[in-house]
Amino acid sequence: DRMRARGQRIVSIFCYLTDVEGGGCTHFPQVGKRFKPKKGSAVLWFNQDTSGNMDERVLHAGEEVTAGDKWGANIWIRERPPDRSIAAIIPRDGVGRIQLQDGLGRIFKSTVYVPQ
């Protein structure tokens, strides 16, 4: 069981792999934020509050794509690492850069937006 082995998600990152012609925003209704898909960008959020409880404010949904296609990728950072390593530099607020390194030493960089 993944939850038992790796623990709870502490950080989630949704990477946009394509631009979208219409719709397809990622909506965080409790904080009143919508993020329009932009190829090469990502949305990052912390799944837990400062006490380690699940943060209900980051409940989100992908809105309907009205024109074009939406392709994306999820990255979930959990309490305990997987067999392969992923390291991240994560901003706590605003817009920043994230760098991920996989177990083969490949480095991936992207712009991230952190819902406030």
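**Exercise 1. Find which residue of β5 is the bridge partner of F14, then work out what else pairs with β1.**

Step 1. Go to β5: the bridge partner of F14 there is V43. Strands here are DSSP runs of E with at least two residues, helices are runs of H or I with at least four, and both are numbered from the N terminus. A quick caution before going on: this is a predicted model, where local features need pLDDT of at least 70 and side-chain atom pairs count only at pLDDT 80 or more, while totals for chains, interfaces and linings use all residues. Residues are numbered from 1 along each chain as its sequence is written, and side-chain values use heavy atoms, with hydrogens and water left out.

Step 2. Look at the whole β1–β5 pairing. These strands run antiparallel to each other, with five bridges; two strands pair if DSSP finds at least two bridges between them.

Step 3. Now take β8. It pairs with β1 in the antiparallel sense too, over seven bridges, and S12 stands opposite W76 of β8.

Step 4. Stay with W76 for a moment. The charged end of R9 sits over its ring, 3.7 Å from the centre. (The rule: NZ of Lys or CZ of Arg within 6 Å of the ring centre and within 35 degrees of the ring normal.)

**Exercise 2. Decide whether β1 is largely enclosed or not, and say why.**

Step 1. Set the cut-offs: buried is under 20% relative accessible area, exposed is over 50%, and partly exposed is in between, using a 1.4 Å probe and protein chains only.

Step 2. Count along β1. Six of its eight residues are buried, so the strand is largely enclosed by the rest of the structure. C15, for example, counts as buried because its relative accessibility is 16%.

Step 3. Put that in context: 34% of the protein's 116 residues count as buried.

**Exercise 3. List the residues of the largest nonpolar core and trace them back to their elements.**

Step 1. Recall what qualifies: buried Ala, Val, Leu, Ile, Met, Phe, Trp, Tyr and Cys residues joined through side-chain atoms within 4.5 Å.

Step 2. Eight residues make up the largest core: V11, I13, C15, A42, L44, F46, I75 and I77.

Step 3. Assign them. The elements giving two or more residues to this core are β1 (9–16), β5 (41–46) and β8 (72–78).

Step 4. Don't stop there. A second, separate core has seven residues, among them F14, F35, V43 and W45.

**Exercise 4. Work out which rings form the cluster around F28.**

Step 1. Get the rule straight: rings of Phe, Tyr and Trp (its six-membered ring) pair if their centres lie within 6.5 Å; planes under 30 degrees apart are stacked, over 60 edge-to-face, and the rest tilted. The structure holds three aromatic pairs.

Step 2. Take F28 with F35. This pair is edge-to-face, at 6.0 Å centre to centre with 90° between the planes.

Step 3. Take F28 with W45. Here, too, the geometry is edge-to-face: 5.2 Å between centres and 70° between the planes. This pair links distant parts of the chain, F28 in strand β3 and W45 in strand β5, 17 residues apart.

Step 4. Join them up: ring pairs link F28, F35 and W45 into a cluster. F28 is buried, with a relative accessible area of 0%, and W45 counts as buried at 4%.

**Exercise 5. Give the strand order of the open sheet that contains β3, then see what H27 contacts.**

Step 1. Three strands form this sheet, in the order β4-β3-β6, with antiparallel pairing. At the edges are β4 (33–35) and β6 (61–62), each pairing on one side only.

Step 2. Zoom in on β3 (residues 26–28): three bridges join β3 to β4, and K33 is the bridge partner of F28.

Step 3. Place H27. This residue is in strand β3 and counts as buried at 18% relative accessibility.

Step 4. Skip neighbours within four places in sequence, and the contacts of H27 (heavy atoms within 4.5 Å) are K33, R34, L59, H60, A61 and E63. H27 and H60 are 33 residues apart in sequence, yet 5.4 Å apart in space, C-alpha to C-alpha.

**Exercise 6. Find how many disulfides there are.**

Step 1. Apply the rule: a disulfide is a pair of cysteine sulfur atoms within 2.5 Å.

Step 2. The count comes to zero.
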